[in-house]
Amino acid sequence: MSTASESVIIALTRGRILKETLPLLRQAGIEPVEDMSRSRKLMFATSLDQVSLLVMRGSDVPVYVENGAADIGVAGKDTLLEYGGDGLYEPLDLRIARCRLMIAAPTRASAPGVRPRVATKFTRIAKRWFAEQGRQVELIKLNGALEAAPAMGLADAIVDIVDTGNTLRANGLEPVETIAEISSRVIVNKASMKIKSRRIRVILERLAEAVARLDG
Ligand code: AMP
């Protein structure tokens with residue numbers, strides 16, 4: 001007989017990360033029982049007894065997991081670094097949705113002034129990065145349209161996710177410096193890891209095997 005303490009909820013990041021996570025979950029024996037892309041639901045039962053998937057924005061994943069509303073989560077390292085804190089275990093790198101968090105500037109930029117303005121969604125990461133290097137910058141928080149900021153005179157540089165670099169190039173920008181290599185990580189609620197240890201360990205082992213197969 002199953003009990004409530006055996007149920008496991010996995011919070012997934014909607015979009016590109018979800019697309020790349022689903023094949024790994026499938027290989028781990030966890031498959032949604034309905035087509036997630038055709039539904040407006042947020043919660044999905046899976047082929048594995050008492051394991052459910054919950055789909056949300058990446059920035060909400062660590063909040064759900066740290067507070068125990070989900071047991072396990074999948075989110076980008078950029079999101080986790082920006083979230084900060086030490087309230088989560090991060091036992092597995094899924095090695096998917098890989099990209100870089102970079103500083104980028106206009107292609108023919110003149111030397112930066114004394115206190116350059118840097119536009120970013122990742123203010124916490126950027127603040128720490130520049131502080132560690134003793135560099136004075138003025139951070140401007142934006143939630144999107146980052147790449148337009150230098151051309152519009154709002155900022156001298158940006159801190160953003162770069163994959164192929166096409167978005168930067170299309171907006172007259174070039175990568176200047178890498179802050180972090182990014183990939184999607186599995187996070188686990190600390191209490192769940194103890195209380196549901198057996199179930200969670202099995203899921204982590206199966207996912208680790210799936211990642212190894214993907215890399216091999
Ligand atoms: P690209 O033009 O290929 O360099 O892609 C850059 C844009 O795609 C950025 O503005 C990011 O917002 C988004 N992007 C690329 N890769 C990822 C990823 N792994 N996770 C989240 N966003 C990404």
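Trainee: Which element gives the largest share of the shell around the ligand?

Mentor: Strand 9 does, with three residues. Keep in mind that this is a predicted model. Helix 5 (166–170) joins strand 9 (157–162) as an element that gives two or more residues to that shell.

Trainee: Which residues are around the ligand?

Mentor: To be listed, a residue needs a heavy atom within 4 Å of the ligand. Here they are Arg16, Ala97, Cys99, Glu147, Asp160, Ile161, Val162, Asp163, Thr164, Gly165, Asn166 and Thr167. The shell divides into four nonpolar, four polar and four charged residues.

Trainee: How do I read polar contacts, and which ones involve the ligand here?

Mentor: Look for a pair of N or O atoms within 3.5 Å. Two cases involve the backbone: an N or O atom of Ala97 lies 2.8 Å from a ligand nitrogen, and a polar atom of Asp163 is 2.8 Å from a ligand oxygen. With Glu147, a polar side-chain atom takes part, 3.4 Å from an oxygen of the ligand.

Trainee: How much of the ligand does the protein bury?

Mentor: Compare the ligand with and without its cover. Alone, the ligand exposes 490 Å², and the protein buries 75% of that. As for its place, the ligand sits in the largest pocket.

Trainee: Now Gly113: is this residue buried or exposed?

Mentor: A residue counts as exposed when its relative accessible area is over 50%. Gly113 is exposed because its value is 51%. You will find Gly113 in the loop between strand 6 (99–106) and strand 7 (117–120). Its C-alpha atom is separated by 17 Å from that of Met152, 39 residues apart along the chain.

Note on methods
Residues numbered from 1 in each chain as written. Predicted model: local features only at pLDDT ≥ 70, side-chain atom pairs only at ≥ 80, totals over all residues. Heavy atoms only, no water. Polar contact = N/O pair within 3.5 Å; in protein donor to acceptor, adjacent residues only side chain to side chain. Areas by Shrake-Rupley, 256 points an atom, 1.4 Å probe, with all protein chains shown as cover. 1 Å grid on protein atoms, 1.4 Å probe; cavity = no way out; pocket = protein on both sides within 12 Å on 5 of 7 lines; lining within 4 Å. Sits in = over half its atoms within 2 Å of the grid points. Helix = DSSP H or I, 4+ residues; strand = E, 2+ residues; numbered from the N terminus. Nonpolar A, V, L, I, M, F, W, Y, C, P; charged D, E, K, R; others polar. Buried < 20%, exposed > 50% of the residue type's maximum accessible area, 1.4 Å probe, protein only.
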